[in-house]
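These are my notes from a reading of one protein model. I set down each item in the order in which I looked it up.

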Amino acid sequence: MSSKVLIVDDEKLMRISLESQLKKEGYNVKSVDNALDGLKMVKSEEYDIVVTDLRLSGMSGMDFLKEIKKHNQEIIVVIMTAYGTLESAVSAIKEGAYDYIAKPFSTDELIIKLQRALYYKNTTAEVNRLRREIQSEFEFGNIIGKSEAMKKVLETVRSVSDREATVLIRGESGTGKEKIAGAIHYHSIRRNGSFIRVSCAALNREILESELFGHEKGAFTGAVKTRRGRFELANGGSIFLDDVDDIPLDMQVKLLRVLQERTFERVGGEETLSVDVRIICATKKDLLEHVKEGYFREDLFYRLNVVPINIPPLRERKEDIPLLINYFLKKFVSQYEDALPDVSQEVMDVLLAYNWPGNVRELENVIEHSVAFSKSKGISIETLPEYLRRVDIRTDLLSMDLSNKQEINLQDALTEVEKKLIQWAHQKTNGNQVKMAEILGIPRTTLRNRLIKLQLFEKVLS
Ligand SMILES: Nc1ncnc2c1ncn2[C@@H]1O[C@H](COP(=O)(O)OP(=O)(O)OP(=O)(O)O)[C@@H](O)[C@H]1O
Ligand SMILES: [Mg+2]
């Protein structure tokens, strides 16, 4: 699409010749002889660039410029100055004009300026778009979940964002810890500062120390240059310490000091540096257990655990699965398709019955896979990854992970088991309730009552 240019000049000949020459170059050009009409046009149509004289009868070029910028910051304004007076050009640029050109000028000169201006406009628009995209990735609206557990998580995220409190996020792999940490940062007053992520997993003490605090030149073999650490880079923003449980004990002391005083020294450095940083941590482990076993300092634990956020594994909040499926379908289905593909009941049953050891990340991968393999509109069993097609609900039933549990509510656990068995029967019989009751060995009325009680298969019941 050709770029739209508006020329405002009260010298008729100048205006007409510019208009026709720019049209020849492929621009979509209009021109008027006064600023008031120019302003009306800017407000009613979208222009990329306005080229205006500063000396105009009626509204001055300078006031015109201010009004344009008030209306839309993104319109590029190039000023023509009749007498080459630098002062007026300078004050126009201070008011937001992109550039100026001194009369008399050749059309080529103007075209070069216009091309440069358009390039600038497009790249800044692109940068802004990317920035918005990164931010929206961390919108609360993008953290999907309607289960009680997720509602609680989101409530905490919302209320803690604009405070400075240290946050400790706990959850299994793929439950959304990094996403939540990002959401907290991007909704805090530090959102314009950096969000720096450090993985503390499996790094030895030396590497981790220099990663976090930086080092001076010559501090150790290989330290050829002074290097700033992650804490310094995060100054003014937030630092996200992932897998914080893996920090070796002697490094924990240093971290404790940063938490208490916000000061540290680079490795091999004498100078004490201060930082202004918010600390957000994540762990897959039970940190308190680590404290009891002597792997983690108790004082550090309490400093980190000011606001704890526990993200439950996906298998414990299966009501979030349909919502997440929908969210990922929107993400992966090409924007040119007019409708989202249907997910067959059979697929839904499999996805609801599955144990999800990889949590939301695994679900996201499964949906991406299925979208890629769904040739016609729907997501059917055939589009699922091989390993899910083979999921046998009966074996899944037996694979309850009890290793991290401190207590189990027997009634809830039995309900879970019952749900799974009913889902299994549903899958086996294609939802035929007479047959379901038969293979489960219960009367049909009992099955119906259980379906209603457990809120299963609303579609079947309605
Ligand atoms: N509630 C959610 N809503 C939408 N997307 C989510 C949600 N939770 C997680 N995701 C997505 O799942 C993927 C994994 O999330 P993330 O990387 O935050 O997990 P994690 O807990 O940090 O995992 P790990 O412990 O393996 O580092 C990401 O693509 C993330 O956007
Ligand atoms: Mg992570």
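**Entry 1. A first sheet.** I began with an open sheet in which five strands are paired in parallel, in the order S2-S1-S3-S4-S5. I noted S2 and strand S5 (99-102) as the edge strands, since each pairs on one side only. Between neighbouring strands of this sheet I recorded an average turn of 20°, direction ignored. I should add at once that the model is a predicted one.

**Entry 2. The pairing of S1 and S2.** I looked up how strand S1 (residues 4-8) is joined to S2, and found five bridges between these parallel strands. One residue pair I wrote down is Val 8 with its bridge partner in S2, Val 32.

**Entry 3. Helices on this sheet.** I then turned to the helices. Helix H3 (residues 61-71) lies across S1, strand S3 (49-53) and strand S4 (76-81), and it runs at about 160° to S3. Helix H4 (residues 86-94) also packs on the sheet, where it touches S4 and S5. The direction of H4 makes about 170° with that of S4.

**Entry 4. Val 29.** I selected one residue of the edge strand for a separate look. Val 29 has its place in strand S2, which covers residues 28-32. Is Val 29 buried or exposed? I entered Val 29 as buried, because 21 other C-beta atoms lie within 10 Å, and the cut-off for a buried residue is 20 or more. Leaving out residues up to four places away in sequence, I listed Val 5, Ile 7, Glu 19, Leu 22 and Lys 23 as the residues that Val 29 touches. I also took a distance across the model: the C-alpha atoms of Val 29 and Arg 197 are separated by 49 Å, and the two residues are 168 apart along the chain.

**Entry 5. A second sheet.** Arg 197 led me to another part of the chain. There I found an open sheet of five strands with parallel pairing, in the order S7-S10-S13-S6-S14. Its edge strands are strand S7 (195-199) and strand S14 (307-310), each of which pairs on one side only. For neighbouring strands of this sheet the average turn is 20°, again with direction ignored.

**Entry 6. Pairings within the second sheet.** I went through the strand pairs in turn.

- S7 and S10 run parallel and are joined by five bridges; Arg 197 has Phe 240 as its bridge partner in S10.
- S10 pairs with S13 over four bridges, in the parallel sense; Leu 241 stands opposite Cys 281 in S13.
- Strand S6 (residues 167-170) runs parallel to strand S13 (residues 278-283), and four bridges join them; Val 167 has Ile 280 as its bridge partner in S13.

I noted further that S10 is largely enclosed by the rest of the structure, because four of its five residues are buried.

**Entry 7. The nonpolar cores.** Which members of the largest nonpolar core touch the most other members? I found Ile 169, Ile 180, Ile 239, Leu 241 and Cys 281, in a core of 36 residues. Elements that each supply at least two residues of this core include S6, S7, strand S10 (238-242) and S13, and also helix H7 (177-186). The largest share, five residues, comes from H7. Apart from this core lies another, of 30 residues, among them Val 51, Leu 56, Leu 65 and Val 77. I then followed Ile 180: leaving aside neighbours within four places in sequence, it is in contact with Ile 143, Val 157, Ile 169, Ile 309 and Ile 311.

**Entry 8. The whole chain.** I closed with the overall figures. I counted 21 helices and 14 strands in the protein. The radius of gyration is 31 Å, well over the 23 Å that the globule rule gives for 462 residues, so the protein is more spread out than a compact globule. Along the principal axes, the C-alpha atoms fill a box of roughly 95 × 70 × 35 Å. Buried residues make up 28% of the 462 residues. Among contacts between residues at least 6 apart in sequence, 67% join residues at least 24 apart.

**Entry 9. Domains.** I recorded the division into domain 1 (4-134), domain 2 (140-312), domain 3 (314-391) and domain 4 (398-462). The centres of domain 1 and domain 3, taken over C-alpha atoms, are separated by 51 Å.

How values were computed. Residues are numbered from 1 along each chain as its sequence is written. Chains are lettered from A and ligands numbered from 1 in the order in which they are written. This is a predicted model: local features need pLDDT of at least 70, side-chain atom pairs count only at pLDDT 80 or more; totals for chains, interfaces and linings use all residues. A residue is buried if 20 or more other C-beta atoms lie within 10 Å of its own, exposed if 12 or fewer, and partly exposed in between; C-beta atoms are placed from the backbone. Two residues are in contact if their C-beta atoms, placed from the backbone, lie within 7 Å. The radius of gyration is taken over C-alpha atoms; the globule rule is 2.2 Å times the number of residues to the power 0.38. Two strands pair if DSSP finds at least two bridges between them. Axes are lines fitted to C-alpha atoms, for helices over the stretch in contact, and angles run from 0 to 180 degrees between N-to-C directions. Domain bounds come from an automatic or database domain assignment. A nonpolar core is a set of buried Ala, Val, Leu, Ile, Met, Phe, Trp, Tyr and Cys residues joined through C-beta atoms within 7 Å.
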